[in-house]
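Open the model in a viewer and keep the sequence panel visible. The stops below follow one another as selections.

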Amino acid sequence: PETRYGLIGPRAIQGQLEDLGIEPPSVATIQRILQARDLTHPLGAGTDSAFYPWLEAWAVNAIHATDIITRHIRGGEKIQNLHTIDHYSHAVSLSQHADKNSATISEHLLATWSKLGLPQIQQLDNESAFNGGHTHPRVIGRVVRLCLFCGTEPLFTPFYEAKRNYQIESFQSLWDAAFWSRHEFRNRTHVQAEVPLF
């Protein structure tokens, strides 16, 4: 019963092994073991049956892509990591927050645009904080209104098609391997202090 609502996946298993005083294998090794025993399942139900034409960035600030990656600090604190990348220059803007509501996303985008410049197109996935939620489908969300107010066109990737946003997904894989997985962070302030070094 005490694990009914616990975290799952390789990082959770790694943490449990550490708590038991056992030197854990790498996250990749744990993932391979889970896959070999059919204990994983794919996210979403997307297929490759449709063709989605995609834009190629033609200049700096032509297209920015933004995504959220949620991570947990050992001990319970949840951190929402917001990442934005310029498709052309690969310049990035990173911020860490306690939540991922539309006000927080808007704050991140404004800080990013003041640092990198205002993009012509802002690429987002279908996270409800980006699109305004699914409760009221005809209401334009705060982030979309911000984009339109600033003269930036919001562009949403199709459901279950993360590969259509490959620039930010590739960056997040690098961030996870070279930054998050290499350090044991104490809290969000510690992460914020280390991000500029990354």
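Select glutamine 123, which sits in strand S4, residues 121-124. This is a predicted model, and every value in the tour is computed from it. Is glutamine 123 buried or exposed? With a relative accessibility of 1%, glutamine 123 falls under the 20% limit and counts as buried. Now display its surroundings. Leaving out residues up to four places away in sequence, glutamine 123 touches Trp54, Ile63, His64, Ala65, Thr66, His87, Leu155, Thr157, Arg164 and Asn165.

**The whole chain**

Zoom out and colour by secondary structure. The protein chain has seven helices and five strands, and from start to end their pattern is α-α-β-β-β-α-β-α-α-β-α-α. Of its 198 residues, 37% count as buried. Among contacts with a separation of 6 or more, 60% are between residues 24 or more positions apart. If you switch on the surface, about 12,100 Å² is exposed, and carbon and sulfur atoms supply 55% of that area.

**The sheet**

Select the strands. In what order do the five strands form the open sheet? The order is S3-S2-S1-S4-S5, with mixed pairing. S3 and strand S5 (153-156) are at the edges; each has a single partner strand, so one side of each is left without a neighbour in the sheet. From one strand to the next, the twist averages 25°.

Add helix H5, residues 142-149. H5 packs on the sheet and touches S4 and S5, and its direction makes about 140° with that of S5. Next add H6, which lies across S1, S2 and S3 and runs at about 35° to S1.

**The S2-S3 hairpin**

Restrict the view to strand S2, residues 78-86, and its partner S3. The two run antiparallel and are joined by six bridges. Two opposite pairs can be picked out here: histidine 83 stands opposite leucine 94 in S3, and threonine 84 stands opposite serine 93 in S3.

Follow the chain from S2 into the turn. S2 and S3 form a hairpin with five residues between them. Histidine 90 is in this loop, and its phi is near 65°, a positive value in a residue other than glycine.

Why is S3, residues 92-97, described as largely enclosed by the rest of the structure? Five of the six residues of S3 are buried, so the strand is largely enclosed. S3 nevertheless stands at an edge of the sheet.

**The nonpolar cores**

Show side chains for Ile73, Phe171, Trp175, Phe179, Trp180, Phe185 and Val191. These residues touch the most other members of the largest nonpolar core, which has 14 residues. Strand S1 (63-72), S2 and helix H6 (166-178) each supply at least two residues of this core. The largest share, three residues, comes from H6.

Centre on tryptophan 175. Apart from neighbours within four places in sequence, tryptophan 175 is in contact with Ile69, Arg71, Asn81, His83, Leu94, Trp180 and Phe198. Two residues in that list, His83 and Leu94, are the opposite pair already seen in the hairpin.

Another core lies apart from the largest one; it has 11 residues, among them Ile68, Ile105, Val143 and Leu146.

**Two cysteines**

Select cysteine 147 and cysteine 150 and display the distance between their sulfur atoms. The sulfur closest to that of cysteine 147 is in cysteine 150, 7.4 Å away, which is too far for a bond. A disulfide would need the two sulfur atoms within 2.5 Å. The structure holds zero disulfides. As for their surroundings, cysteine 147 is buried, with a relative accessible area of 0%, while cysteine 150 is partly exposed at 26%.

**A last loop residue**

Finish at aspartate 38, in the loop between helix H2 (27-36) and S1. Its phi is near 55°, which is positive in a residue other than glycine. Is aspartate 38 buried or exposed? At 67% relative accessibility, aspartate 38 lies over the 50% limit and counts as exposed.

Note on methods
Residues numbered from 1 in each chain as written. Predicted model: local features only at pLDDT ≥ 70, side-chain atom pairs only at ≥ 80, totals over all residues. Heavy atoms only, no water. Helix = DSSP H or I, 4+ residues; strand = E, 2+ residues; numbered from the N terminus. Buried < 20%, exposed > 50% of the residue type's maximum accessible area, 1.4 Å probe, protein only. Contact = heavy atoms within 4.5 Å. Areas by Shrake-Rupley, 256 points an atom, 1.4 Å probe, with all protein chains shown as cover. Pairing = 2+ DSSP bridges. Core = buried A, V, L, I, M, F, W, Y, C linked by side-chain atoms within 4.5 Å. Axes fitted to C-alpha atoms, helices over the stretch in contact; angles between N-to-C directions.
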